[in-house]
Amino acid sequence: MIKTAARLDLVQEYYFSQKLKEIALLNAEGKNIINLGIGSPDLPPHPNVVKALTDSALNEKNHAYQSYVGLPALREAIADWYARYFGVSLNPTNEVLPLIGSKEGIMHIAQAYLEAGDIALVPNLGYPTYRAAVLLTGAEVVDYQLDASNGWLPDFEKMEQTIDLQRVKLMFVNYPHMPTGAQADAVFFTKLIAFAKKHTILIVNDNPYNFILNKNYLSLLSIDGAAGYVLELNSLSKSHNMAGWRVGMLCGHKDLINNVLRFKSNMDSGMFLPIQMAAVEALRLGDDWYDSINIIYKERQQKVFELLQLLDCQYDTNQTGMFVWAKIPDYYKDGYELSDKILYGANVFITPGGIFGSQGNRYVRVSLCAVGATLAVALERVKQI
């Protein structure tokens, strides 16, 4: 066998990649698993978005390689969207970089800024890709702990006491937070910028959940002093039901963006033009679009609350995003035990919180990406165990 690169030993196959294989096998056995684990929107994009894609795809000239920095129209639409909803002024020429999904942006940023000897701060709890992206650069991951008692926000004083911040080059944050649904406010973001300046740390805010069950739209880039210290990732996957289309964006100071572009331009050859045109149309949608999908998510959230009550779990009714984060009863060893119990006992899959870090071991996460009828069936199945 050909030996793999040593760096590959630092990461494992993504949890959901493994779990979906198991669920596929169970379905092949006739189990008909209800998957409430993954946040993949089941609702369609707006019809105008689909029409923009198909109309553009019919033009035979639109199938060539595209610019590494995206269409001017797309960058302008992103800048307009940020101005309208976040009050952030961006130069579409050099402060906006379209991405083929924001997940790739996490890797591009890590590769552009990190190397062996550096430290990157990663939230525990947090999206597992942050950790993997850092490790694949040869840099060191240092967790900062998030706790319910602190509203799932980092404790800067504790970090200064326990972490060698002189070696820290980059810090990932994610608000509104996944998986907890916790929000940050301008007061916290101001403290975060001050922390970044004090220790010369690049802050990367992953911000795809602002529009789901939330009206308090807030970008870290809106805070005074963010320029030069902040890169912000965003995405149309959740807000516009375009997860499979892979449309993301990176926003920030032109020098920070250009450094990422130096890496990214060696990795891809631009986004399919019809998808870019559809993204322009999506970004032009108004409040009625977000209101319409949130009516549906709110109804589903109530059903998930009922399911979690059956499981004797505790949850915050004010959390945002397309999941419900819940604390498990003391009589379960951890969230994995509860997840397995209902997977094998009720043919319903929910995510164990421990996949997002050790701080999630006493929690589970339930997705809202299932129709009400499916959630009703899940409720009935859980009642039987």
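These questions and answers walk through two sheets in a predicted model.

Q: In which order do the seven strands of the open sheet with mixed pairing stand?
A: Strands of a sheet pair through backbone hydrogen bonds, either parallel or antiparallel. In this sheet the pairing is mixed. Its seven strands stand in the order 2-8-7-6-5-3-4.

Q: Why is one side of strand 2 and of strand 4 left without a neighbour in the sheet?
A: Strand 2 covers 96-99, and strand 4 covers 140-145. Each has one side without a neighbour because each has a single partner strand. Both stand at the edges.

Q: By how much are neighbouring strands of this seven-strand sheet turned against each other on average?
A: Direction is ignored here. The average turn between neighbouring strands is 20°.

Q: Which residue of strand 4 is the bridge partner of N124?
A: Strand 3 spans residues 119-124 and runs parallel to strand 4. Six bridges join the two. The partner of N124 in strand 4 is Q145.

Q: Which strands are the edge strands of the four-strand sheet?
A: This open sheet has the order 9-10-13-12, with antiparallel pairing. An edge strand here pairs on one side only. That describes strand 9 (314-315) and strand 12 (351-352).

Q: Which residue in strand 10 stands opposite Y315?
A: Strand 9 and strand 10 (residues 323-327) run antiparallel. Two bridges join them. Opposite Y315 stands A326.

Q: At about what angle does helix 10 run to strand 10?
A: Helix 10 covers residues 287-310. This helix lies across strand 9, strand 10 and strand 13 (363-367). Its angle to strand 10 is about 20°.

Terms used. Residues are numbered from 1 along each chain as its sequence is written. This is a predicted model: local features need pLDDT of at least 70, side-chain atom pairs count only at pLDDT 80 or more; totals for chains, interfaces and linings use all residues. Side-chain values use heavy atoms; hydrogens and water are left out. Two strands pair if DSSP finds at least two bridges between them. Contact means heavy atoms within 4.5 Å. Axes are lines fitted to C-alpha atoms, for helices over the stretch in contact, and angles run from 0 to 180 degrees between N-to-C directions.
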